[in-house]
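Grab a coffee and open the viewer. Below are a few exercises, each with a worked solution to check yourself against.

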Amino acid sequence: MSNQKLFNVAVVGATGAVGEQIIRLLAERNFPIQELKLLSSARSAGSKVSFKGQEITVQEATPDSFQGVDIALFSAGGDVSKALIPEAIKHGTVCVDNTSAFRMDPETPLVVPEVNIDKVNEHKGVIANPNCSTIQMVQTLKPLYDRYGISRIIVSTYQAVSGAGARAIDEMLRQSREVLAGNEVEPQILPVGSLPKKHQIAFNAIPQIDKFVENGFTYEEMKMINETKKIMGDESLEVTATCVRVPVVYGHSESVYVELKSDFDIEEVKQLLADAPGIILQDNPAEQVYPLATDAAGKLETFVGRVRRDLSNPRALNLWIVSDNLLKGAAWNAVQIAEYIAIEQN
Ligand SMILES: NC(=O)c1ccc[n+]([C@@H]2O[C@H](COP(=O)([O-])OP(=O)(O)OC[C@H]3O[C@@H](n4cnc5c(N)ncnc54)[C@H](OP(=O)(O)O)[C@@H]3O)[C@@H](O)[C@H]2O)c1
């Protein structure tokens, strides 16, 4: 992207698990930056972050932080986005938001570049990045949706602790050491930081991500259901989800059952997946080849394997989908959107 317009860019939540990856990707991708502003809460203000060999001082995010900022990438929680994005828009800043604050707003495009990048052009100042577990699923299902149509999706997730932020990673590692040392663990963060009751995550699986809605689903599950329909642009899609936190550091894994609207050839399905942008097919049971969170960690792609026709419904498929939740599930998807905005403005 050399010889192009340069942009003043802000990262809000720069000291967090997602913000750290956004900064790394902006450097690695050589994003056309004039000035990079790193913003956090007052807690981290004053700390230094290195960017392309330069030390940048983190500042507290305030409504005035966006003066002269062209593009801001937000990952500081929904409340911060709700408070500061309208202020940033007043300054003419285009915002890419990683939180759930604007995702279901009918005026806000909800974008996975491989699925609906053209929606970015409809923005009114903010483009929402979907939930991490939704991104990797819709990205993988898009070529199947286009070729065969999809009537129903049943997904169960196995989600990494990094999805709950930097402190949840520390908690899982600390608890693991405590259990191995034969000590009592004192859960402090998971499943939901703002709820009083906590559960052990080390050597465990917790069937709760985010708070519960009155219908018995969690918000994370409802995000997967509602966001999938919005991104695919198909309200008739039947989606159900069970979201589970597992003691994995990076990479969400998903078991996905999909009912297609027409007959399919399983080899053609594999070829469609192999050819899809950003997808890597890893599917060779004879050689025990399938996606693993440990392999997906640190990668930008989404990995799919265990591709098989269902035994009870010949029009249904079972898939195993894995991606790094901090990258394609958050930072990389946001940077892809920012790159599109930058290219459009040149
Ligand atoms: N982790 C994922 O896989 C993932 C995926 C998709 C979306 N997201 C979303 O991205 C957001 C951040 O997630 P994370 O995992 O990066 O969390 P995190 O590791 O806890 O980091 C939170 C960041 O937000 C900043 N922050 C907190 N309160 C603030 C305030 N009042 N004003 C300004 N900055 C504030 C923190 O700054 P301090 O250092 O000052 O505390 C920190 O930089 C969440 O909304 C999350 O839902 C996360």
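Strands here are DSSP runs of E with at least two residues, and they are numbered from the N terminus. Keep in mind that this is a predicted model.

**Exercise 1. Find the strand that holds arginine 245, and work out whether arginine 245 is buried or exposed.**

Solution.
- Start with the address: arginine 245 sits in strand β10, residues 238-245.
- Next, the cut-off: buried means under 20% relative accessible area. Arginine 245 has 6%, so it counts as buried.
- Now look at what surrounds it. Beyond its sequence neighbours up to four places away, arginine 245 touches a set of residues including Gln159, Ala160, Leu190, Asn204, Ile209 and His252.
- Finish with the side chain: one of its polar atoms lies 2.7 Å from the backbone oxygen of alanine 160.

**Exercise 2. Which residues share the UniProt feature "binding site" with Arg245, and why can they be said to gather at one spot?**

Solution.
- The UniProt record, an unreviewed entry, places "binding site" at Gln159 and Arg245.
- The two span 87 residues in sequence, but their C-alpha atoms are no more than 4.7 Å apart, so they gather at one spot.
- Glutamine 159 belongs to strand β9, residues 150-159.
- With 1% relative accessibility, glutamine 159 is buried.
- Its contacts outside the four-place sequence window include Ser133, Cys243, Arg245 and His252. Glu220 is on that list too, and the side chains of glutamine 159 and glutamate 220 make a polar contact of 2.9 Å.

**Exercise 3. Describe where arginine 103 lies and what it is in contact with.**

Solution.
- The same unreviewed UniProt entry type turns up here: a "binding site" annotation covers Arg103.
- Arginine 103 is in the loop between β7 (94-97) and α3 (113-116).
- Being in a loop doesn't settle burial, so check the number: 4% relative accessibility, which means buried.
- Setting aside neighbours within four places in sequence, its contacts include Asn98, Thr108, Asn129, Pro130, Lys223 and Glu227.
- There is also a link to the backbone: a polar side-chain atom of arginine 103 lies 3.2 Å from the backbone oxygen of threonine 99.

**Exercise 4. In what order do the strands of the open sheet run, and which ones stand at the edges?**

Solution.
- Six strands line up as β5-β2-β1-β6-β7-β8, with parallel pairing.
- β5 (59-60) and β8 each have a single partner strand, so each is left with one side that has no neighbour in the sheet.
- Zoom in on one pair: β6 and β7 pair in parallel over 4 bridges. In β7, aspartate 97 is the bridge partner of phenylalanine 74.

**Exercise 5. Check the length of helix α2, then locate its kink and its buried residues.**

Solution.
- α2 covers residues 78-90, 13 residues in total; at 1.5 Å a residue it should span 18 Å, and its end C-alpha atoms are 19 Å apart, which agrees.
- The kink, about 35 degrees, is at leucine 84, shortly before proline 86.
- Buried residues in α2 are Ser81, Leu84, Ile85 and Ala88.
- To read that spacing, recall that an α-helix has 3.6 residues a turn, so residues three or four places apart point the same way.
- The cover over the buried residues of α2 includes β6 (71-74), β7 and β8 (126-128).
- After α2 comes glycine 92, with a positive phi near 85 degrees.

Methods
Residues are numbered from 1 along each chain as its sequence is written. This is a predicted model: local features need pLDDT of at least 70, side-chain atom pairs count only at pLDDT 80 or more; totals for chains, interfaces and linings use all residues. Side-chain values use heavy atoms; hydrogens and water are left out. Buried means under 20% relative accessible area, exposed over 50%, partly exposed in between (1.4 Å probe, protein chains only). Contact means heavy atoms within 4.5 Å. The expected span of a helix is 1.5 Å times one less than its number of residues. The bend at a residue is the angle between axes fitted to the seven residues ending there and the seven starting there. UniProt positions are given in the numbering used here, feature names are shortened, and annotations may be inferred rather than shown by experiment. A polar contact is a pair of N or O atoms within 3.5 Å; within protein, one must be able to donate a hydrogen and the other to accept it, and residues adjacent in sequence count only if both atoms are side-chain atoms. Two strands pair if DSSP finds at least two bridges between them.
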